[in-house]
Amino acid sequence: MPVRFTQEIFLEEYEEAELDPQSMELMRRARSASEQAYAPYSEFKVGAAVMLESGQIVVGNNQENAAYPTGLCAERVALFTASSNHPRSPFLKIAISAQKSGQAQVEVTPCGACRQAMMEYQNLQNSPIEVLMEGTKGKIYRANSVDMLLPFKFSSESLK
Ligand code: THU
């Protein structure tokens, strides 16, 4: 019999009114960042807001390009901006908000590359980064750690 490795994965679903005020403020910042996204090709506008240990918030949004793969997701724009301006300052949470005009039922969870980017910072700081996600269905999803989004991760440990 093969050895079987397991990892418990769960997400929590909240109504806006149930979320703590600090997380809700972060989500509002992600929401307003999504309005400034440069997404003329997909029209899928995403905003991300990172909360630093100090409580300071750094935002980003998706930046598209006529040469499609050149563009970057909102999460990585926010994470890289936060890390470049506040090196080694731990990230407590990241909120992600997506919208597409004329489409009421948008959902968002980060792409694989953004999960990997989040994991890099979580490993570096050695404490969990909470991930809050919303589309336009009126629910907010919360992962208490990037581990919930990226099981069996690849990390710098593998390079040793
Ligand atoms: N996108 C993000 O910015 N974040 C996500 O979590 C999912 C996808 C962007 C990339 C691209 O500009 C557009 O949404 C459509 O994929």
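The expected span of a helix is 1.5 Å times one less than its number of residues. Helices here are DSSP runs of H or I with at least four residues, strands are E runs of at least two, and both are numbered from the N terminus.

With that in hand, α3 has 14 residues and should span 20 Å; its end C-alpha atoms are 20 Å apart, which agrees. Helix α2 gets the same check in the table.

| Helix | Residues | Expected span | End-to-end C-alpha distance |
|---|---|---|---|
| α2 (residues 74–85) | twelve residues | 16 Å | 16 Å |
| α3 | 14 residues | 20 Å | 20 Å |

A word on what you're looking at: this is a predicted model, where local features need pLDDT of at least 70, side-chain atom pairs count only at pLDDT 80 or more, and totals for chains, interfaces and linings use all residues. Residues are numbered from 1 along each chain as its sequence is written, and side-chain values use heavy atoms, with hydrogens and water left out.

Zooming out, the protein chain holds three helices and six strands, in the order β-α-β-β-α-β-α-β-β from the N terminus on. Its radius of gyration (over C-alpha atoms; the globule rule is 2.2 Å times the number of residues to the power 0.38) is 16 Å, which agrees with the value near 15 Å for a compact globule of 160 residues. The C-alpha trace spans about 50 × 40 × 35 Å along its principal axes.

Of the 160 residues, 41% count as buried, meaning under 20% relative accessible area, with exposed over 50% and partly exposed in between (1.4 Å probe, protein chains only). Contacts (heavy atoms within 4.5 Å) lean on distant pairs: residues 24 or more positions apart account for 66% of those with a separation of 6 or more.

Back to the helices. Among the buried residues of α2 are Val 77, Ala 78 and Leu 79, and the cover over its buried residues includes β2 (44–52), β3 (57–61), β4 (91–100) and α3 (112–125). In α3, the buried set includes Cys 114, Met 118, Met 119 and Tyr 121; the buried residues of α3 pack against α2, β4 and β5 (130–134). Just after α3, Asn 126 takes a positive phi of about 60 degrees.

Last stop: Thr 136, in the loop between β5 and β6 (139–143). Thr 136 counts as partly exposed because its relative accessibility is 32%. Leaving aside residues up to four places away in sequence, Thr 136 touches Ala 98, Gln 99, Gln 103, Ala 104, Gln 105 and Val 106.
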